[in-house]
Amino acid sequence: MSRPAVLRSLQTIVPDTVLRQDEVRDVFGSQPDLGRLAQRIVSTSFNVSGIDTRHTVIDELSLTAVAENPVFFDRATGGLLSPSTKTRNEVYVREAFPLFVAAARRAVEADPDISASDITHVITVSCTGFFAPGPDYEIVRSLGLSDGVQRYHLGFMGCYAAMPALRAASQFCAADQDAVVLIVSVELCTLHLRSSEDPDTIVASSLFADGAAAGIVTARSLATARSLATAVPGLRLDGFHTAIAPQGESDMAWMIGDSGFEMILSTAVPQIIGETIIDALRPLYAREDGLIAAFDGGTIGESVEHWAIHPGGRSILDRVQERLHLSDAQLHPAREVLRENGNMSSATVLFVLKRILEQEGAQPGERVAAMAFGPGLTAESALFTVDRSGTRGA
């Protein structure tokens with residue numbers, strides 16, 4: 001009987017430059033090309049976002065930075081600039097590379113049972129820039145991995161992409177019990193923020209931020225002591241499900257424009273998620289008799305203790321909580337990640353999972369539900385079990 005794959009050694013990184021939400025609001029709201037209606041939308045969107053701080057790789061966006069030749073923000077005039085897509089992508093290449101490598105290295109170094117020579121697969125995830133040879137190649141070279149490591153890049157899928165990465169890693173481990181899969185997500189969303197009177201663009205500007213996350217997935221029997229004090233915290237990957245709400249296809253999208261990537265994120269998204277989430281999730285819980293009874297009875301929050309919901313925005317979290325009858329404590333990790341870091345696209349759900357493992361009192365054997373939403377409108381969901389057993393033998 002095959003051993004289950006486990007996600008372990010989750011690590012996260014945010015850039016050093018901190019953006020205070022109230023300061024960013026004032027900058028966006030004071031742009032000279034904004035009409036009075038757009039100014040009100042800016043004020044409302046930023047104020048109700050549930051975000052206190054975000055992080056960015058763009059130092060000049062800090063109100064204390066001084067740039068001789070500003071590209072994104074002219075502090076002297078207070079004006080937001082509009083660099084070309086080429087310029088934004090050049091910054092992505094320069095800034096994303098070290099984050100991919102640093103996050104990957106942290107995940108490997110944090111695992112007492114895994115070394116770089118053990119890695120068999122690398123999956124990189126990003127939707128905020130492009131370059132080739134890509135981040136998967138850079139990780140292999142920088143960490144000294146074998147040239148024969150299998151490499152995959154999931155690009156331009158949006159906020160839900162970490163979930164397919166975890167599912168693919170689980171499948172690799174099912175096919176080869178000795179597989180060790182390194183997953184790394186880096187998103188530099190702030191490269192594509194811009195001033196606009198378009199409500200969708202304003203909402204996106206109030207939410208998105210930069211961040212990186214990495215973890216290791218393996219089904220190997222490892223040597224860590226069984227003591228809960230020394231075992232590496234992890235998540236057994238129990239199952240995944242993908243659903244599409246086609247009525248939301250035009251409400252959430254990610255396009256390439258002449259002045260950066262353009263996010264379509266309409267105010268209808270939370271309502272669509274609320275209307276479709278029950279049908280989207282039911283097939284996942286139907287695989288376990290005990291869970292489907294609780295799900296259909298409206299008590300799934302009593303059977304699944306922890307909820308890693310991608311915080312695409314406060315209103316999305318509110319709608320999910322309402323429809324699934326979840327407690328404030330169950331939404332706490334997602335809301336705290338949103339408050340401290342904003343929406344970091346695909347990396348965000350990994351931040352939430354890490355918080356559940358390390359700060360929310362997760363105990364061995366407890367269940368964790370994960371959900372992320374993205375273009376399509378696509379809903380990715382998964383079920384995990386908290387694993388701190390160390391050795392996982394037959």
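# Strands, helices and unusual bonds in a predicted model

Visitor: What makes strand β11 and strand β12 a pair?

Guide: Strand β11 (residues 252-257) and strand β12 (residues 260-265) are joined by six bridges in the antiparallel sense, and since two strands count as paired once at least two bridges are found between them, the criterion is met. This is a predicted model, and the statement concerns the modelled coordinates. Within the pair, A253 has I264 of β12 opposite it, and a hairpin of two residues leads from β11 to β12.

Visitor: How do you know that strand β8 and strand β9 run antiparallel and pair, and how many bridges join them?

Guide: Nine bridges link β8 (residues 180-188) with β9 (residues 210-218), and the two strands run antiparallel; as pairing requires at least two bridges, these strands therefore count as paired. One position that illustrates the register is I183, which faces G215 in β9.

Visitor: Which strands are called edge strands?

Guide: The sheet in question is open, has nine strands with mixed pairing, and follows the order β7-β6-β8-β9-β1-β10-β15-β14-β13. Its edge strands are β7 (150-155) and β13 (306-309), each of which has a pairing partner on one side only. From one strand to the next, the twist averages 25°.

Visitor: Why is α3 called oblique to α4?

Guide: Two packed helices are described by the angle between their axes together with the distance between those axes. For helix α3 (residues 85-109) and helix α4 (residues 135-143) the angle is about 55° and the axes lie 9 Å apart. An angle must be under 35 degrees to count as roughly parallel, over 145 to count as roughly antiparallel, and from 65 to 115 to count as roughly perpendicular, the rest being oblique; the angle of about 55° meets none of these three conditions, which makes α3 oblique to α4. The crossing of α3 past α4 is right-handed.

Visitor: Which residues of α3 and α4 meet?

Guide: From α3 the participants are F97, F100, V101, A104, R105 and V108, and from α4 they are P135, E138, I139, S142 and L143. Sorted by character, the residues of this contact comprise eight nonpolar, one polar and two charged. Helix α3 also lies across β1 (6-13), β6 (121-126), β8 and β9, and runs at about 145° to β8.

Visitor: How do you know what A116 is in contact with beyond its neighbours within four places in sequence?

Guide: Contact is counted when heavy atoms come within 4.5 Å, and with those neighbours left aside, A116 is in contact with V108, L143 and L145. A116 belongs to the loop between α3 and β6. Its C-alpha lies 6.7 Å from that of L143, although 27 residues of sequence separate A116 and L143.

Visitor: Is α10 roughly parallel or roughly antiparallel to α11, and what makes it so?

Guide: The axes of helix α10 (residues 314-324) and helix α11 (residues 328-341) cross at roughly 165° and come within 11 Å. Angles over 145 degrees count as roughly antiparallel, and α10 is therefore roughly antiparallel to α11. The crossing is right-handed, and it involves R314, L317, D318 and Q321 of α10 with D328, L331, A334, R335 and L338 of α11. The residues of this contact divide into four nonpolar, one polar and four charged.

Visitor: What makes the peptide bond from A132 to P133 cis?

Guide: Its omega is near 0°, and P133 sits in the loop between β6 and α4. A further cis peptide bond joins G376 and L377, with omega about -5°, and L377 lies in the loop between β14 (367-374) and β15 (378-387). Most peptide bonds are trans, and most residues other than glycine have a negative phi. F156, in the loop between β7 and α5 (162-175), has a positive phi, near 65°.

Visitor: What does the UniProt annotation covering residues 244-383 say?

Guide: The unreviewed UniProt entry gives "domain: Chalcone/stilbene synthase C-terminal" for residues 244-383, a stretch that in the model is 47% helix and 22% strand, with end C-alpha atoms 18 Å apart. The feature "domain: Chalcone/stilbene synthase N-terminal", likewise from an unreviewed UniProt entry, is placed at residues 4-219; over that range the chain is 36% helix and 23% strand, and its end C-alpha atoms are 6 Å apart.

Conventions. Residues numbered from 1 in each chain as written. Predicted model: local features only at pLDDT ≥ 70, side-chain atom pairs only at ≥ 80, totals over all residues. Heavy atoms only, no water. Axes fitted to C-alpha atoms, helices over the stretch in contact; angles between N-to-C directions. Helix = DSSP H or I, 4+ residues; strand = E, 2+ residues; numbered from the N terminus. Left-handed = near helix turned anticlockwise from the far one by under 90°. Nonpolar A, V, L, I, M, F, W, Y, C, P; charged D, E, K, R; others polar. UniProt positions renumbered as here; feature names shortened; annotations may be inferred.
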